[in-house]
Each structure stands twice: as C-alpha cells, then as structure tokens.
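This report works through a single protein chain, moving from overall features to individual sites. Please keep the sequence and the model in view while reading.

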Amino acid sequence: MLLSKVLGVIVIARNGDRYNYYQDPYTYAASNTETTALGEVDSHTLGAQLRSTYFDSKSPSYIEGIRSDLVDNNEVKVRVKAGVEGTVVFDSAIALLQGLFPPNPNNKIVLANETTVVAPLGGYQYVPVETVEPGNDRSLESWTDCPAFEKHIKAFYASDDFKKKSQEAQPFFKAAKDYVFGRPTTLENAWNIYDFINSELTHNKTYAHRLPPTLVEQARYWANYHESGVFSDKDINAVGNIAGRTILHTILTSLERISFNGDPLQFMLLQTTYQPFISLFRQTGVAEERPDLAGIPDYSSALAIELRRGSPPDVRDFVRLKFRNGTSGYWEDIHAFGHRADIPLTEFIYRAENAAITSNQQWKQICSSRGVLSTFADNTGFLNYFASESAFTFAYVFVTLLAFYSVAKFIMKSRAEARRVRLEGAENLPVPAVQVVEKRRI
C-alpha cells in the first residue's frame, strides 16, 4: 500500500556519549555522570538527520504542513527524562534540537521604532523543553524505586537460564578481571563491566592500546543478555516491561492527538535512556523478528513512530516504525505485532493500550510488593517501607474515626433539616434557568 502523507512523528531518542557511570544491579540506582563533546556532536547529527527527513518539503517523509523554517511551539513538543543520567539526557536533547532547528536569521522581531532585532547566535531558536522528574512523573523512568521490578530482577538472576549463562560467561570474566580494576566480575554486574570497558576504550588512549581484541564485543554480548532479561518480559503487561509500559501512554495519546485534525501537534520528541527501547521492542514483537535489536541500542539511537494516512480508497491512519541504531546506522523499517508492513492505528492502539500505565497511582499499584500501596518515594529518591502491622493499625484507627465522623455529621444534618422552615413545594423546585437579555442599540 502506498502511504503518501505523513501526519506526524513521535521520536524516542537515546542520549549521546557520556563518561561511564555505575548502576546497582539489583535496584538500578545510579551514580552521576557527565556528557562529552562527542555525545553532543552525535545528538546534533541525529537532530540534523531528523530535520532532513521530516522537515524538508523535498523529503518523501516530510510532515505535511509543518513549519520548517522556524519552530512552531504549537506543533512541536519535547519531553526529557530528568532521572538517572538526567544531565546527560538534557544535554543530548539540547544538542539534538540545535540540529533539528538550527539558527535562522529570520528568527527576529521588528520593534515599534522600526529597529530589527535578531535572536542571539545568528538567530538561535529556543525550543521549550519539559523535564520529566521521576519524583512527580514516572512516564520516563519507572524502573527505579519499584519493589515489584526489583523482585523481577531477583527472579531473573535465580532462573536456570541465568545460572547456565553465568557458567558460560566465566572465561570472559576471568579474562576481563585485569581490565576492570576491582569491579565485580559476575554476570549480575555485566552492564557495569561493559559500560566501563566501552567508556575507557573511547576516552582513554592508554587503556585502548592495552585492551585485548574482542573483549569489548564479548562484554557487550553479556550486557545485552543481562539488560534484555531485566528490561523485558514475555507478557506485554508484565512488570519486566515497565520501561515500555509507562512510555506507551505518552506514545498512544500523542498518536491520537496527531490523528485529530483539530490538534496542532505534529512532532513529539521523547529524549530518554536505553531502557524503553528494550521493553518496547519486546512488547511489540520487534525483538522476535529482529533478535539483533533485543539488546542495548547505541548512543544517539532513535525510534521514529510515524503516523501516515493511506491513499484512496483506504484512507485510514497507519503507524510505521523506523529505527536508527547510533550515528553510524541508517533508518530502517521495523514491524510491530507481526505485521510485515505498516499497522493500522486502530489495531496498534488496541493491542498496546491495555499494557500502558496511565498514571502515577497505577504505577504505585503495580510496583507495590504487597496488594496495597505500601511504598512512596521520598525527596532523596529512596523508598520508605512501613511495617505491615503498623500500617494495618493506622488504617484501622483511621477508618474507625472516619466512620464516627460520618455518623455524627449525618445526625447533625438530620436535626438541622427537621428545624428548617419549609415552603410548600420547595423540595421539587427546578434549578432556575439563567435568562439572557439581549441588549439592543437604540
């Protein structure tokens, strides 16, 4: 089917290159890290490629009717993950936007005194960015401070397959021990091993000269196995896919907004880290069709979710997925839910919406290790746990007091109603209608 019209695009982009940082293998609490000039260049390159693909009227994927010279903030929305790796993700988003909307001398204003003022840096375009803090919005970082997810991780580590892989990985970890400077060489720590080796190989000349051939490739292989097992699950609704489940709500609502002719939104950028890619590819069946995409995407990778309108006689809206793995990659079509072509929007929503986590309240319910809400995130990002006995006692006292208050209020209201003077027919009086008096000029 020839799909000739691109109505809008949602882009999920991973951050660019950064210095290595540590993630706890059991909780995914993380240390600080900083972006690099290489990471900013890579993100800028991604932005320029997105511009040539979707904002150039000569491109076959041009978003119909979108303003391309200067950014229209009604048409473009940017959300940036502000949790772990937050500073790096933010820097990557700014660099990407510089490539997407480069300085333009037309970004100017003429004052009342006829003076023309051009924006700084030759017409730099300031695109509003919404930072998504995990303290009040879990849509872009849902896997931290989540007891049910931590339970999922422990179950993965305890599985027979993980134990078998751990034995298979021993020769690699033995070889890597002299190059990780005291870091635990276990399969549970595979991600940290790979991230350290990869970062040092990129930024440390001495280390790069000493590192044996294929060691970084082996490290990545085991890290891919580890992260795929942590951030994916067989069931689309399972907690292992929580990174994809929370971002799904934003994806689906944005597709609906783009599809609605009365909404100006046409381009949505979600700047985040690698975890949602793994979950989404598993949830939509992409990882089964393309096992090479089941692991960690490269820095500055991007998933473009296009909404296209079909050509007559089938003028339904369709979803097309495109993926670009890092700066050396190229855009390639990938297919969702077993389709070999674009999938109808209605089917995409139908098959994905039940897995979407739509609110912080729902996230808390899913993440709770008990049947009730038993945890909450404090200002430090850690979880406070209440003992079950104390929680039950508090709940019992609270419900009892609430019941006494409700009974007392009902009795007082009944007595007041009995004392009130009633006019005949007052109980059934209709609500007065507001009368509009037309004013006429004489």
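What is the mean pLDDT of the protein chain, and what percentage of its residues reach 70 or more?

## Confidence of the model

The structure is a predicted model, and the mean pLDDT of the protein chain is 86, with 82% of its residues reaching 70 or more. Over residues 369-401, however, the pLDDT is below 50, although the model gives this stretch 29 contacts beyond near neighbours in sequence. A further stretch, residues 414-442, also has pLDDT under 50 throughout, and for these residues the model has two contacts beyond four places in sequence.

## Overall organisation

The protein chain comprises 442 residues, of which 47% count as buried, and its secondary structure consists of 15 helices and 12 strands. Among the contacts in the protein chain with a separation of 6 or more, 70% are accounted for by residues 24 or more positions apart. The accessible surface of the protein chain amounts to about 23,600 Å², and carbon and sulfur atoms contribute 56% of that surface.

## The disulfide

The structure holds one disulfide, formed by Cys146 and Cys367, whose sulfur atoms are 2.0 Å apart. The link of Cys146 and Cys367 is left-handed, with -100° about the S-S bond. Because Cys146 lies in the loop between β5 (130-132) and α4 (147-158) while Cys367 lies in helix α14 (residues 360-367), the pair ties together parts that are 221 residues apart in sequence.

Are the two cysteines, Cys146 and Cys367, buried or exposed? Cys146 has a relative accessibility of 0% and therefore counts as buried, and Cys367, with a relative accessible area of 1%, is buried as well.

## Backbone features in the loops

Asp145, which lies in the loop between β5 and α4, has a phi near 55°, a positive value in a residue other than glycine. Asp145 is buried, because its relative accessible area of 15% falls under the 20% cut-off. Cys146 of the disulfide is found in that loop between β5 and α4 too.

Glu85 likewise has a positive phi, of about 65°, although it is not a glycine, and it lies in the loop between β2 (76-81) and α2 (86-100). With a relative accessibility of 4%, Glu85 counts as buried. Elsewhere, the peptide bond from Pro312 to Pro313 is cis, with omega near 10°, and Pro313 is found in the loop between β7 (302-309) and β8 (317-324).

## Two buried sites in helices

Which residues does Leu252 contact, leaving aside its neighbours within four places in sequence? Leu252, which is found in helix α10 (residues 242-259), is in contact with Phe348, Ile349, Ala352, Glu353 and Ala356 once those neighbours are set aside. Its C-alpha atom is 9.5 Å from that of Leu345, a residue 93 positions away in sequence. Leu252 counts as buried, since its relative accessibility is 6%.

Val286 is found in helix α12 (residues 286-289) and is buried, with a relative accessible area of 1%. Leaving aside neighbours within four places in sequence, Val286 is in contact with Phe281, Leu293, Ile334 and His335. The C-alpha atoms of Val286 and Ala336 are separated by 5.9 Å, while the two residues are 50 residues apart along the chain.

## A nonpolar patch on the surface

Ile109, Leu111 and Val117 form a nonpolar patch on the surface, and together they have about 240 Å² of accessible area. Where does Leu111 lie? Leu111 is placed in the loop between β3 (108-110) and β4 (116-118). With a relative accessible area of 37%, Leu111 is classed as partly exposed, because this value lies between the limits of 20% for buried and 50% for exposed.

Notes. Residues numbered from 1 in each chain as written. Predicted model: local features only at pLDDT ≥ 70, side-chain atom pairs only at ≥ 80, totals over all residues. Heavy atoms only, no water. Patch = residues over 30% accessible without salt bridge, like charges linked within 9 Å, V, L, I, M, F, W, Y side chains within 5 Å. Areas by Shrake-Rupley, 256 points an atom, 1.4 Å probe, with all protein chains shown as cover. Salt bridge = Lys/Arg side-chain N within 4 Å of Asp/Glu carboxyl O. Helix = DSSP H or I, 4+ residues; strand = E, 2+ residues; numbered from the N terminus. Buried < 20%, exposed > 50% of the residue type's maximum accessible area, 1.4 Å probe, protein only. Disulfide = S-S within 2.5 Å. Contact = heavy atoms within 4.5 Å. pLDDT = per-residue confidence, 0-100.
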